[in-house]
Amino acid sequence: MAMPSIKPEVSAMDAFSPELLRGSLDLMVLAVLTDGPKYGYLIQQRLKESSGERLQVQAGTLYPILHRLEQDRLVQASWDESTGRRRKWYELTTAGRQRLTSRVQEWNDFVACIQGVIGNVAEVPPQPS
């Protein structure tokens, strides 16, 4: 299944590549649900705030992720009207918390691996051609 395009509303200088985002958005969505249920807009806001406004996930990207996580039983959804407006709230399931824990460890291991490979590349002066 093709992942929807990600069009962050940030300057090109601050934007992350779509390839990096595709591999990590599920993890980030699960992470923002750790402190309790949220509806879509709140998830978008939390992603934006916690990323220093460098990540602005559009609804067309977020909702397919939420639906897939729900199908995989990593989140559960319920409708609520107590705020005066009918909203679908998403929360982590036990399986979702377990997946998040394992993916965070996997991500940390991957970051350490990349750092070991690239080392101090940014500090290496370019070679003359």
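A residue is called buried when its relative accessible area is under 20%, exposed when it is over 50%, and partly exposed in between. These terms are used throughout the following account of the structure, which is a predicted model. On the outer side of helix α3, opposite its buried residues, Glu49 and Ser50 are exposed in this sense.

The protein chain comprises five helices and three strands. Read from the N terminus, its elements follow the order α-α-β-α-α-β-β-α. Of the 129 residues in the protein chain, 26% are buried. Among contacts with a separation of 6 or more, 50% join residues that lie 24 or more positions apart.

The three strands form an open sheet in the order β1-β3-β2, and their pairing is antiparallel. Strands β1 (38-39) and β2 (75-80) occupy the edges, each pairing on one side only. In general, the strands of a sheet are paired through backbone hydrogen bonds, in either a parallel or an antiparallel manner. Between β2 and β3, the antiparallel pairing extends over six bridges. Within the sheet, Ala77 is found opposite Tyr90 of β3. Helix α4 lies across β2 and β3, and it runs at about 55° to β3.

The largest nonpolar core contains 20 residues, of which Val29, Leu30, Leu33, Ile43, Leu47, Leu69 and Val75 touch the most other members. At least two residues of this core come from each of α2 (25-32), α3 (40-50), α4 (59-71) and β3 (87-92). The greatest contribution is that of α2, which supplies five residues. Such an arrangement may be read against a general tendency: in soluble globular proteins, nonpolar side chains tend to be buried together. The surroundings of one core member, Leu30, illustrate the contacts made. When residues up to four places away in sequence are not counted, Leu30 touches Leu69, Leu74, Val75, Leu92, Gly96, Arg99 and Leu100.

Helix α3 has a buried side and an exposed side. Its buried residues are Gly40, Ile43, Gln44 and Leu47. These residues lie on the same side of α3 because the arc that they cover around the axis is only 100°. They pack against α2, β1, α4 and β3, whereas Glu49 and Ser50 are exposed on the other side of the helix. Gln44, which belongs to α3, has a relative accessible area of 16% and is therefore buried, the limit for this class being under 20%. Apart from residues up to four places away in sequence, the contacts of Gln44 are with Val57, Gln58, Ala59 and Leu62.

Helix α4 consists of 13 residues, which at 1.5 Å a residue should span 18 Å; the C-alpha atoms at its ends are 18 Å apart, so the two values agree. In α4, the buried residues are Thr61, Leu62, Ile65, Leu66 and Leu69. They cover an arc of only 125° around the axis and so are placed on the same side of α4. The elements that cover these buried residues include α2, α3, β2 and β3. Gly60 and Gln71 are exposed on the face of α4 that is turned away from the buried side.

Positive phi values occur after both of these helices. Just after α3, Gly52 has a positive phi of about 65°. Glu53, a residue other than glycine, likewise has a positive phi, near 65°. As a general rule, a negative phi is found in most residues other than glycine. Glu53 is located in the loop between α3 and α4, and its relative accessibility of 48% means that it counts as partly exposed. Helix α4 is followed by Arg73, for which phi is positive and near 60°, again in a residue other than glycine. Arg73 is part of the loop between α4 and β2. With a relative accessible area of 66%, Arg73 is exposed, since this class begins over 50%.

Notes:
Residues are numbered from 1 along each chain as its sequence is written. This is a predicted model: local features need pLDDT of at least 70, side-chain atom pairs count only at pLDDT 80 or more; totals for chains, interfaces and linings use all residues. Side-chain values use heavy atoms; hydrogens and water are left out. A nonpolar core is a set of buried Ala, Val, Leu, Ile, Met, Phe, Trp, Tyr and Cys residues joined through side-chain atoms within 4.5 Å. Buried means under 20% relative accessible area, exposed over 50%, partly exposed in between (1.4 Å probe, protein chains only). Helices (H or I, at least four residues) and strands (E, at least two) are DSSP runs, numbered from the N terminus. Contact means heavy atoms within 4.5 Å. Two strands pair if DSSP finds at least two bridges between them. Axes are lines fitted to C-alpha atoms, for helices over the stretch in contact, and angles run from 0 to 180 degrees between N-to-C directions. The arc is that of the directions from the helix axis to the C-beta atoms. The expected span of a helix is 1.5 Å times one less than its number of residues.
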